[in-house]
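User: I have a model open and want to learn how to read it. Can you take me through it feature by feature?

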Amino acid sequence: MGGWAIAVHGGAGVDPNLPLHRQEEAKQLLTRCLNLGISALNSNLPAIDVVELIVRELETDPLFNSGRGSALTEKGTVEMEASIMDGPKRRCGAVSGLTTVKNPISLARLVMEKSPHSYLAFSGAEDFARQQGVEVVDNEYFITPENVGMLKLAKEANAILFDYRIPNGCETTCGANVESPLHMNGLPISVYAPETVGCVVVDREGRCAAATSTGGLMNKMAGRIGDSPLIGSGTYACDLCGVSCTGEGEAIIRATLAREVAAVMEYKGLGLQEAVDFCIKTRLDDGKAGLIAVSKNGEVAYGFNCNGMFRGCATENGFMEVGIWE
């Protein structure tokens, strides 16, 4: 085995005009998460425990779009989703439509370990959360003033938006009468900058795990489910690798992007970075997305086909990197 490795992301698709202080805040959060993961891995915590630990940290901080700080639906509420997967036996758990569960990723793990199912959603997932005694809060806990403002702007523009990642001047140019160069499922949208969070880990025993969590799209239709809770699309882990994706959910779903990385490693014999590059280049059609990945050999990789991705990675040999742009 090549030792442990960890990667974390805070979403792909970044406004090139993002203020420097916001960039610094993001880097600080990613660094904090990496250091937390490094400490856990040096203490021989299993990969599945580490990915849950890191994603919980990201869900608790309102900076990215998961847990507290989640994007708002068209109704001004929060509907969160998450998934987790343990590579050695490909065990998995996923949840969608959560409105009161403080840490969706932990409920996803409980679905994996304490239920006979792999996926629970909406009222069924909420009922299961209460049966398991997980921490719940009012929906207002997840709503930030920034996202309330962004939802207002999205409604005025008749668009799908994400948090503060809006190009300068969008307030006057992102109306419905402006032709959009971006499309989702074939439909034009004004601004698309996803901020799903995720973590992938391989521990010293070569066990891979992956976890992904999100609030979804700003101004999304109530009931919309993206790629993040879909095993094989937003999240996948097996004996070869662990993968977490972020970006245009509909494109990631069509590509079964996370599973595809493992598949080309298995069937084409590609290395980890080669597999990531191949899938980003050939499997997304016109979609915009990114992903992070680790292999059982202690390798770490990432890739994206948009202008930026919040990401960080570290390996047991001392390598550590945090970045946003190419």
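Analyst: We go from the overall make-up to the sheet, then the helices, the cores and the annotated site. Keep in mind that this is a predicted model.

User: Start with the inventory. How many helices and strands does the protein have?

Analyst: There are nine helices and 14 strands. The chain has 326 residues, and 60% of them count as buried. The accessible surface comes to about 12,800 Å², with 50% belonging to carbon and sulfur atoms. Look at contacts along the sequence too. Among contacts with a separation of 6 or more, 68% are between residues 24 or more positions apart.

User: Now the sheet. In what order do its eight strands run?

Analyst: First the general idea. Strands of a sheet pair through backbone hydrogen bonds, either parallel or antiparallel. Here the order is β4-β3-β2-β8-β7-β1-β13-β14, in an open sheet with mixed pairing.

User: Which strands stand at the edges?

Analyst: β4 (119-121) and β14 (320-323) do. Each has a single partner strand, so one side of each is left without a neighbour in the sheet. Ignoring direction, neighbouring strands are turned by 5° against each other on average.

User: How do I read individual pairings? Take β2 and β3: how many bridges are there?

Analyst: Count the bridges, then check the sense. β2 and β3 pair over six bridges, in the antiparallel sense. Ala-82 stands opposite Val-95 in β3. The two strands form a hairpin with four residues between them. In that turn, Arg-90 has a positive phi of about 55°.

User: And on the other side of β3, which residue of β4 is the bridge partner of Val-95?

Analyst: Leu-120 is the partner of Val-95 there. β3 and β4 pair in the parallel sense, over three bridges. Strand β3 (residues 91-98) is largely enclosed by the rest of the structure, because seven of its eight residues are buried.

User: What joins β7 to β8?

Analyst: Six bridges join β7 (residues 197-202) to β8 (residues 208-214), and the two run antiparallel. One pair to locate is Val-202 with Cys-208 in β8.

User: Next, helices against the sheet. Which strands does α1 lie across?

Analyst: Find the strands in contact, then read the angle. α1 lies across β1 (5-12), β7, β13 (309-315) and β14, and runs at about 155° to β14. Helix α2 (residues 47-60) also packs on the sheet, touching β1, β2 (80-86), β7 and β8. Its direction makes about 160° with that of β7.

User: What should I look for in the cores? Which residues touch the most other members of the largest one?

Analyst: Look for the hubs. In the largest nonpolar core, with 56 residues, they are Ile-6, Phe-64 and Leu-107. Helix α1 (residues 20-42) gives the most to this core, with eight residues. A second, separate core has 41 residues, including Cys-245, Ala-251, Ala-258 and Ala-262.

User: Last, the annotation. Which residues does UniProt list for "binding site"?

Analyst: The unreviewed UniProt entry lists Arg-224, Ile-225, Gly-226, Asp-227, Thr-246, Gly-247, Glu-248 and Gly-249. Check where such residues sit. Ile-225 lies in the loop between β8 and β9 (235-237). Gly-247 is found in strand β10 (residues 241-247).

User: Are these two buried or partly exposed?

Analyst: Use the relative accessible area, with under 20% as buried. Gly-247 has 6%, so it is buried. Ile-225 has 32%, so it is partly exposed. Leaving aside residues up to four places away in sequence, Ile-225 touches Glu-81, Ser-96, Tyr-119, Phe-122 and Ile-253.

Methods
Residues numbered from 1 in each chain as written. Predicted model: local features only at pLDDT ≥ 70, side-chain atom pairs only at ≥ 80, totals over all residues. Heavy atoms only, no water. Core = buried A, V, L, I, M, F, W, Y, C linked by side-chain atoms within 4.5 Å. Buried < 20%, exposed > 50% of the residue type's maximum accessible area, 1.4 Å probe, protein only. Pairing = 2+ DSSP bridges. Axes fitted to C-alpha atoms, helices over the stretch in contact; angles between N-to-C directions. Contact = heavy atoms within 4.5 Å. UniProt positions renumbered as here; feature names shortened; annotations may be inferred. Areas by Shrake-Rupley, 256 points an atom, 1.4 Å probe, with all protein chains shown as cover.
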